[in-house]
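Please work through the exercises below with the sequence and the three-dimensional model side by side. Each task is followed by a solution that goes step by step.

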Amino acid sequence: MTRSAARPHNVPIKTDTEIEAMRAAGQAAASVLDMIGPHVEPGVTTEALDRLCHQYIVDELGATPAPLNYRGFPKSICTSVNQQVCHGIPGSRVLKKGDILNIDVTVIKDGFHGDTSRMFFAGEPSRVARRVSEVAYGALVRGIEACRPGARTGDIGHAVQSYAESHRCSVVREYCGHGIGRGFHEEPQILHYGRAGTGIELEPGMTFTIEPMINAGRRHVKVLGDRWTVVTKDHSLSAQWEHTILITTTGHEILTLPPDRGL
Ligand code: MF3
Ligand code: CO
Ligand code: CO
């Protein structure tokens, strides 16, 4: 098919029924993070966190953990500790006092995906750990605030990047946000860096994630021998927060924001 000037992309526009299902999936994913928060403490293994989330997703939510067996990923959530950037595999690692951890949850509910992640602290974090987590959160919020019909994907990237870099942190470029729906990773790609006014135009009914990975040091990363875990090359701390967003006629809706909670 040729691309038309009127619609120069292949981004699915969700119907009202699909949006209702995306809301339910988003809320389900957020509820997993609410559930697991109190369990993140020194002494717990990342594998124990994975088991708790898996059971909750399957038994309480009647949903499916999307990461399990996704391209060979062996577990139901991602747990990325300290200098791990993303895609950490839960295992026998025991969390120590001061560790910081991203837990990334994606559920499939009635055929639709909800994808969200937050930072958690095992005990009191160091000042730099708290700061990189706060900068990553602020960068996500700036990205979300750029979401409205008529804005472009590059506006999101620009908002994220300028916020993070003005706070002396760096933005990982190898991984990006993504369209989401019946598919885990759909079009468009949402880069967390770039130039305002570039990229495709946002339209009501688009659903995608914003999930900036922010490093306290340099932006460069490498993948470990397990072929999943991404770490900073300079061993600096890294943080990430993720929400699933819907573009509405007036702006946006954060599908993974828990009920009666602000950003
Ligand atoms: N949830 C991640 C994302 O935000 C993807 C994890 S893929 C996995 O896109 F296979 F590592 F689970
Ligand atoms: Co995602
Ligand atoms: Co995710």
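The exercises turn to the metal site, the strands around it, the cysteines and one glycine.

This is a predicted model, in which local features need pLDDT of at least 70 and side-chain atom pairs count only at pLDDT 80 or more, while totals for chains, interfaces and linings use all residues. Residues are numbered from 1 along each chain as its sequence is written, chains are lettered from A and ligands numbered from 1 in the order in which they are written, and side-chain values use heavy atoms, with hydrogens and water left out.

**Exercise 1. Find the protein donors of the cobalt ion (ligand 2), and say why the arrangement around the ion is called irregular.**

Step 1: Donors are N, O and S atoms within 2.8 Å of the metal (3.2 Å for Na, K and Ca), and since water is not among the atoms, sites may look incomplete. For ligand 2, the protein donors are Asp115 (OD), His178 (NE2), Glu211 (OE) and Glu242 (OE), at 2.0 to 2.2 Å from the ion.

Step 2: Along the sequence, these donor residues follow the spacing D-x62-H-x32-E-x30-E. Glu211 sits in the loop between β9 (207-210) and β10 (213-215), and Glu242 in the loop between β13 (238-240) and β14 (243-247), so that this pair, 31 residues apart, links distant parts of the chain. Helices (H or I, at least four residues) and strands (E, at least two) are DSSP runs, numbered from the N terminus.

Step 3: Four donors count as tetrahedral if all angles lie between 85 and 135 degrees; four count as square planar and six as octahedral if opposite donors are over 155 degrees apart and all others between 65 and 115; anything else is irregular. The arrangement around ligand 2 is irregular because its 6 donor atoms subtend angles of 51 to 162°.

**Exercise 2. Find the protein donors of the cobalt ion (ligand 3), and state which residue bridges the two ions.**

Step 1: The protein donors of ligand 3 are Asp104 (OD), listed twice, together with Asp115 (OD) and Glu242 (OE), and they lie 2.1 to 2.4 Å from the ion.

Step 2: The 6 donor atoms around ligand 3 subtend angles of 58 to 167°, and therefore this arrangement is irregular. In sequence, its donors are spaced D-x10-D-x126-E. Asp104 belongs to strand β4 (residues 100-109) and Asp115 to strand β5 (residues 112-121), so the pair ties together parts that are 11 residues apart in sequence.

Step 3: The bridging residue is Asp115, which coordinates both cobalt ions, and these are 3.3 Å apart.

Step 4: Buried means under 20% relative accessible area, exposed over 50%, and partly exposed in between (1.4 Å probe, protein chains only). Asp104 and Asp115 are buried, and Glu211 and Glu242 are buried as well.

**Exercise 3. Trace the strands that pair with β14, and decide whether the residues of β14 are buried or exposed.**

Step 1: Two strands pair if DSSP finds at least two bridges between them. β9 and β14 run antiparallel and are joined by 4 bridges, with Thr244 as the partner of Thr209.

Step 2: β14 also pairs in the antiparallel sense with β15 (residues 252-254), over 3 bridges, and here Leu246 stands opposite Glu253. A hairpin through 4 residues joins β14 to β15.

Step 3: In β14, 5 of its 5 residues are buried. His243, Ile245 and Ile247 point one way from the strand, whereas Thr244 and Leu246 point the other way.

**Exercise 4. Give the order of the strands in the open sheet that contains β10, and say which strands stand at its edges.**

Step 1: The order is β6-β10-β13, with antiparallel pairing.

Step 2: β6 (170-171) and β13 stand at the edges with a single partner strand each, so one side of each is left without a neighbour in the sheet.

Step 3: Between β10 and β13 there are 3 bridges, and Met213 has Gln240 in β13 as its bridge partner.

**Exercise 5. How many disulfides does the structure hold, and is Cys147 buried or exposed?**

Step 1: A disulfide is a pair of cysteine sulfur atoms within 2.5 Å, and a search of the whole structure finds 0 of them. For Cys147, the nearest cysteine sulfur is that of Cys176, 14 Å away.

Step 2: Cys147 counts as buried because its relative accessibility is 1%, while Cys176 is partly exposed at 21%.

**Exercise 6. Where does Gly217 lie, and which residues is it in contact with?**

Step 1: Gly217 is in the loop between β10 and β11 (221-223), and it is partly exposed, with a relative accessible area of 24%.

Step 2: Contact means heavy atoms within 4.5 Å. Leaving aside neighbours within four places in sequence, Gly217 is in contact with Ser170, Asp234 and Ser236.
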